[in-house]
Amino acid sequence: MTRFGFIGLGAMGLNMARNIAAKMKPSDTLHVFDVAPAQADLVPGAIKASRVSEVAANADTVITMLPMGKHVSGVFNEIVAAVGRDGQKQFIDSSTIDIATSRAVASKVAAAGHRFVDAPVSGGTAGAKAGTLTFMVGAPEIEGSLQVALELMGKRLFACGQQSSGLAAKLANNYILALTNLATSEGFALAKHLGLDLATFSQLVDVSSGQSWSSRVNNPVPGVDANTPSSRDYENGFAVDLCRKDLLLAVEAAQGAAMDLPLGKHAPAVYTALSEAGLGKKDMSILYKTLLDHK
Ligand code: NAD
């Protein structure tokens, strides 16, 4: 029998917790908490807790899915202050946060006799709902109760190494994504200005060296692919604000590792401008549209 806990039931966490509730064994339990209490009512079969420490007290494996490092820090200050040393508990943090905070929280939790694993995800809300997330795990191996918990929510699990290496993988991947989206949006805007037929150009790129996830799966040109956010007015995709957040975290991580990221000096300003133009909730590929508007 496993006693699961879940803290942070937002766009991602609610779907992840629902998958745990739906797939766990009949003898398992799931204890949930969110600062917005109504969110906990949306997880059928879960036991609603009235505070974070109650989840930690009643569960052996607790997943957190919170917005930023300050939220993770605050939640674990409360957990560490309240949790005893009877049996080792496992805390899996799937939030995308800064590496320094994750390391600091991990050592506090370890000092209290428990385990803290960073396990950020890719796959977005669609992957969270379908239970097909990819987990990037800050552990040398994924086995036992860690594997059991992650497989309730995801399909692909990558053991990235020591604590915080899951976050390192997530931030490096999303750095590539942020820049690929930028290059793809600019490239397609250039093609349009040069008078190319974009349906043909898109097919060409997809079998040529300019292809990427941004051209194949998330093409920025409306109508090229009916399934992309660009074909639904850039709604329900990977939000500009989240892309900007991850990009800034990647740049911060590079600074922490005394590394220079030349493009990282310029790219955040592009996404900041989109945000300031009121496009923060739109899919990141809306950059293409704004490039057409500003010839
Ligand atoms: P969200 O804002 O929709 O959800 C966060 C939830 O945490 C909210 O329900 C909020 O009420 C709750 N919360 C905040 N502080 C809390 C506290 N102290 N105790 C308990 N609950 C608290 O965010 P999201 O889109 O679900 O993203 C969560 C994390 O996952 C972020 O780090 C994000 O970068 C990452 N992520 C998001 C996506 C995505 O597509 N949305 C994809 C991959 C990773």
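In which helix is K170 found? I began with this residue, working from a predicted model, and I located K170 in helix α7, which covers residues 165-193.

**Entry 1: K170 and its surroundings.** My reason for starting there was the UniProt record, an unreviewed entry, which places the feature "active site" at K170. I then asked whether K170 is buried or exposed. I counted 28 C-beta neighbours inside 10 Å, and because a residue with 20 or more counts as buried, K170 goes into my notes as buried. Leaving aside residues up to four places away in sequence, I noted that K170 touches T96, P120 and M136.

**Entry 2: the ligand shell.** I next looked up the residues around the ligand, of which there are 25, and I wrote down G8, G10, A11, M12 and T96 as those that come nearest. T96 had already appeared in my previous entry as a residue that K170 touches. Turning to the helices, I found that α3 (69-82) and α5 (124-130) each supply at least two residues of this shell, and that α3 gives the most, with three residues. By residue class, I recorded the shell around the ligand as 14 nonpolar, ten polar and one charged.

**Entry 3: the two domains.** I then checked how the chain is divided, and noted domain 1 at 3-162 and domain 2 at 167-293. Their C-alpha centres lie 29 Å apart, and the contact between them takes 14 residues from domain 1 and eleven residues from domain 2. On the side of domain 1 that touches domain 2, I found that helix α4 (residues 99-111) gives the most, with three residues. I sorted the residues of that side into seven nonpolar, five polar and two charged.

**Entry 4: the chain as a whole.** I listed twelve helices and nine strands in the chain. The radius of gyration is 20 Å, close to the 19 Å that the globule rule gives for 295 residues, so I noted the chain as being as compact as a globular protein of that length. Taken along the principal axes, the C-alpha atoms fill a box of roughly 70 × 45 × 35 Å. Buried residues make up 45% of the 295 residues, and K170 is one that I had already entered as buried. Lastly, I looked at contacts between residues at least 6 apart in sequence, and found that 64% of them join residues at least 24 apart.

How values were computed: Residues numbered from 1 in each chain as written. Predicted model: local features only at pLDDT ≥ 70, side-chain atom pairs only at ≥ 80, totals over all residues. Domains from an automatic or database assignment. Contact = placed C-beta atoms within 7 Å. Helix = DSSP H or I, 4+ residues; strand = E, 2+ residues; numbered from the N terminus. Nonpolar A, V, L, I, M, F, W, Y, C, P; charged D, E, K, R; others polar. Rg over C-alpha atoms; globule rule 2.2 N^0.38 Å. Buried ≥ 20, exposed ≤ 12 C-beta atoms within 10 Å, placed from the backbone. UniProt positions renumbered as here; feature names shortened; annotations may be inferred. Near = placed C-beta within 6 Å.
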